[in-house]
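Please look at the sequence and the structure shown below before reading the report that follows. The text goes through the chain as a whole, then its sheets, and then some individual residues.

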Amino acid sequence: MLSVNALIQEAAELCAMTGLGEAVDGTLAASCLNLLNRTIAKLNNDNYFSSCLETVDINAAGEVQFKVLEEGEAVPEGQVVVNMEPPEAIVGVSRKVGIRWLQLYGSNPQDMASVRSMTLPSHYCYQVFTETTPHDHTPHNRLVGKLSLNGTGRADLKIFMNKRIPTLKLTDAIPISPLYHDAILYSLAEMMCIQFKLTDYQPEINREKNAALAMIDRNTLNNRMMENGTRLSTSWDRAYYDGLAGDGLAIE
């Protein structure tokens with residue numbers, strides 16, 4: 001795992017904001033910590049952390065919501081809710097067909113409205129919004145992730161998503177492999193150059209960042225299946241067996 005303090009110290013030295021071995025503390029440390037949290041969230045959203053992919057298995061139709069429920073909060077009848085912080089992104093969704101999982105197609109709300117809905121799901125889209133909690137005494141806003149499916153027939157689903165990395169403190173260790181050290185370090189240093197207007201250092205740091213990200217692309221290519229995997233081509237026999245299995249079966 002990587003030390004938050006050590007990363008901020010190295011990045012500050014790269015940008016000549018401190019001398020070698022000089023501690024980063026106070027307001028500067030707090031500002032750099034915010035930049036580090038933003039850096040990690042961005043790299044996670046770009047699927048660079050191959051170890052941060054997780055899945056949820058659920059039976060649902062139409063819509064699945066992700067939100068943190070309050071103590072004693074009941075889920076309205078007919079809704080399917082996963083009690084967790086909304087994922088940063090939905091990487092993929094699959095529907096169980098017999099003994100295998102059929103990959104659904106990512107879409108957008110406008111296209112979803114134009115496809116037939118009286119079927120088992122074949123398309124999905126994901127969005128995040130805020131809502132007010134139902135607690136009577138201390139209502140507050142919370143994030144809600146909504147996974148929309150075009151089919152109204154219930155199905156067993158496997159949802160692939162980016163695991164949310166918690167907000168870090170200065171004394172924390174980042175729960176990822178040291179392989180990502182340079183990628184995080186130079187990405188953080190570049191954001192510090194932008195934040196503090198250190199234009200003289202930015203071009204060189206940007207080159208080092210791109211080299212570190214390219215190294216991750218090479219080393220983790222086989223581990224980033226959702227990004228780099230090839231979709232199996234459709235053939236007549238696959239279409240035949242999909243028909244036998246009930247793919248696209250209309251629910252009238």
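How many disulfides does a search of the whole structure find? The search finds 0 disulfides, and this result, like the others in this report, refers to a predicted model. Cys-193 is in no disulfide, and the nearest cysteine sulfur, which belongs to Cys-15, is 3.8 Å away. Since a disulfide requires two cysteine sulfur atoms within 2.5 Å, that distance does not meet the cut-off.

**The chain as a whole**

The protein chain contains 7 helices and 11 strands. Of its 252 residues, 39% count as buried, and its accessible surface comes to about 14300 Å², with 52% of that area belonging to carbon and sulfur atoms. When contacts between residues at least 6 apart in sequence are considered, 71% of them join residues that are at least 24 apart.

**The antiparallel sheet**

One open sheet is formed by 4 strands in the order 2-10-5-6, and the pairing in this sheet is antiparallel. Its edge strands are strand 2, covering residues 53-60, and strand 6, covering residues 100-103, each of which pairs on one side only. From one strand to the next, the twist averages 30 degrees.

Within this sheet, strand 5, made of residues 90-97, pairs with strand 6 in the antiparallel sense over 4 bridges. Two of the residue positions can be named: Arg-95 has Leu-102 in strand 6 as its bridge partner, while Lys-96 stands opposite Trp-101 in strand 6. Strand 5 and strand 6 also form a hairpin with 2 residues between them, and in the turn Gly-98 has a positive phi of about 65 degrees.

**The mixed sheet**

Another open sheet has 5 strands in the order 4-3-9-8-7, and here the pairing is mixed. Strand 4 (81-83) and strand 7 (105-106) stand at its edges with a single partner strand each, so one side of each is left without a neighbour in the sheet. Strand 7 and strand 8 run parallel and are joined by 2 bridges, and Gly-106 stands opposite Tyr-124 in strand 8.

**An aromatic pair**

The structure holds 1 aromatic pair. Phe-66 and Tyr-126 make up this pair, which is edge-to-face, with 6.4 Å from centre to centre and 80 degrees between the planes. Phe-66 lies in strand 3 (residues 63-67) and Tyr-126 in strand 8 (residues 123-132), so the pair ties together parts that are 60 residues apart in sequence.

**Buried residues**

Which residues count as buried can be read from their relative accessibility, and the table lists Phe-66 together with two cysteines.

| Residue | Relative accessibility | Class |
|---|---|---|
| Phe-66 | 0% | buried |
| Cys-125 | 7% | buried |
| Cys-193 | 1% | buried |

Each value can be set against the cut-off for burial, which is under 20% relative accessible area. Phe-66 counts as buried because its relative accessibility is 0%, and Cys-125 does so because its value is 7%. Cys-193, whose sulfur was considered at the start of this report, counts as buried because its relative accessibility is 1%.

Definitions and conventions. Residues numbered from 1 in each chain as written. Predicted model: local features only at pLDDT ≥ 70, side-chain atom pairs only at ≥ 80, totals over all residues. Heavy atoms only, no water. Buried < 20%, exposed > 50% of the residue type's maximum accessible area, 1.4 Å probe, protein only. Contact = heavy atoms within 4.5 Å. Areas by Shrake-Rupley, 256 points an atom, 1.4 Å probe, with all protein chains shown as cover. Pairing = 2+ DSSP bridges. Axes fitted to C-alpha atoms, helices over the stretch in contact; angles between N-to-C directions. Phe/Tyr/Trp six-rings, centres within 6.5 Å; stacked < 30°, edge-to-face > 60°.
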